[in-house]
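Open the model in your viewer and keep the sequence panel beside it. The stops below are in walking order, each with something to select.

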Amino acid sequence: MIEYIKGELTELTPALATVEAGGVGYGLSISLNTFSTLQSGKWKEESGKKIVKLYVYEAIREDAHVLFGFVNKKEREMFLQLITVNGVGANTARMMLSGMSVSELCNAISTGNARLIQGIKGIGKMTAQRIIVDLKDKIVALGIADQTTPGPSYSGGEAAAVVKEEAVSALTMLGFSPAPTQKVVLQILQEQPDLPVEQVVKLALKQIK
């Protein structure tokens, strides 16, 4: 079992972080919350290298071995709790943690706000209610609800084309088809051209059919 990976952050996209440790480059699937935190400077610089520590969940299937990375233990614990719910797989859990912060998700669960949870793509009424019933007491007992607000989203002067490319790439890695994804992303950027990529992805998650 891999508890965490600590090493140089060599590549970062809204859906994937590559961390080199011991001469091996590990590709870790990440949420937008982890991306935002890393993008905004959550690392230590050593000898000119960006050193990060990501907590890990290993998803071992017959056809794949996937590593999921989390910027802190509480995000990973929330992920682990979500995948215990019937109908919620690893990719759906990551999508939920991309559409909402841990604190927002905990608040929605603790207050029984199924409608807010349903706002996340792929989460229907029954699944939202099941998440609330299964996890309402657990998140309090485990202390996940004490999660502090995540670090600020980065802002910068990226060209809209770069933001579009990264947003489409992230959504494709989350399992959406490129054609409708690109259409939605373009529409969002036409209306709000200065949005950072993680905000574009969050809006797109609510709009893609």
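Which residue of β2 stands opposite E8? Select E8 and look across to β2: the residue facing it is E20. Keep in mind throughout that this is a predicted model.

**The β1, β2 and β3 strands**

Show β1 and β2 together. The two strands pair in the antiparallel sense over 4 bridges, and they form a hairpin with 3 residues between them.

Keep E20 selected and turn to β3. There the bridge partner of E20 is G25, so E20 has a partner in β3 as well as E8 opposite it in β1. Now select residues 16-21 and 24-29, which are strands β2 and β3. They run antiparallel and are joined by 6 bridges. This hairpin has 2 residues between its strands, and G22 takes a positive phi near 65° in it.

**From β3 to β6**

Select L16; S29 of β3 stands opposite. Stay on S29 and add strand β6, residues 65-70. S29 also stands opposite F68 in β6. Here the direction of pairing is parallel, with 2 bridges joining β3 to β6.

**Helix α1**

Select residues 32-39, helix α1. How many of its 8 residues are buried? The count is 7, and the helix is mostly covered. The buried residues are L32, N33, T34, F35, S36, T37 and L38. After α1 comes G41, with a positive phi near 110°.

**Lysines at the surface**

Select K6, K42, K44, K53 and K73 as a group: they form a positive surface patch. To place one of them, pick K44, which is in strand β4, residues 44-46. K44 counts as exposed because its relative accessibility is 59%, above the 50% cut-off for that class.

Move on to S47, in the loop between β4 and β5 (49-60). What is the sign of phi at S47? Phi is positive, near 55°, in a residue other than glycine. S47 counts as exposed, at 78% relative accessibility.

**The salt bridge**

The structure holds 1 salt bridge. To find it, select R76 and E3, and display the distance between their closest N and O atoms: 2.7 Å. R76 lies in helix α2 (residues 73-82) and E3 in the segment before β1 (4-12), so the pair ties together parts that are 73 residues apart in sequence. Are the two partners buried or exposed? R76 is buried, with a relative accessible area of 10%, while E3 is partly exposed, at 30%.

**Helix α8**

For the last stop, select residues 178-191, helix α8, and pick out K183. K183 is exposed, with a relative accessible area of 64%. Then select A64 and draw a line between the two C-alpha atoms: they are separated by 30 Å. Along the chain, K183 and A64 are 119 residues apart.

Methods:
Residues are numbered from 1 along each chain as its sequence is written. This is a predicted model: local features need pLDDT of at least 70, side-chain atom pairs count only at pLDDT 80 or more; totals for chains, interfaces and linings use all residues. Side-chain values use heavy atoms; hydrogens and water are left out. Patches are made of residues with over 30% relative accessible area and no salt bridge: like charges are joined within 9 Å, nonpolar side chains (Val, Leu, Ile, Met, Phe, Trp, Tyr) within 5 Å. Accessible areas come from the Shrake-Rupley method with a 1.4 Å probe; for residues, only the protein chains shown count as cover. A salt bridge is a side-chain nitrogen of Lys or Arg within 4 Å of a carboxyl oxygen of Asp or Glu. Lys and Arg count as positive and Asp and Glu as negative; His and the chain ends are not counted. The place of a charge is taken as NZ of Lys, CZ of Arg, CG of Asp or CD of Glu. Buried means under 20% relative accessible area, exposed over 50%, partly exposed in between (1.4 Å probe, protein chains only). Two strands pair if DSSP finds at least two bridges between them.
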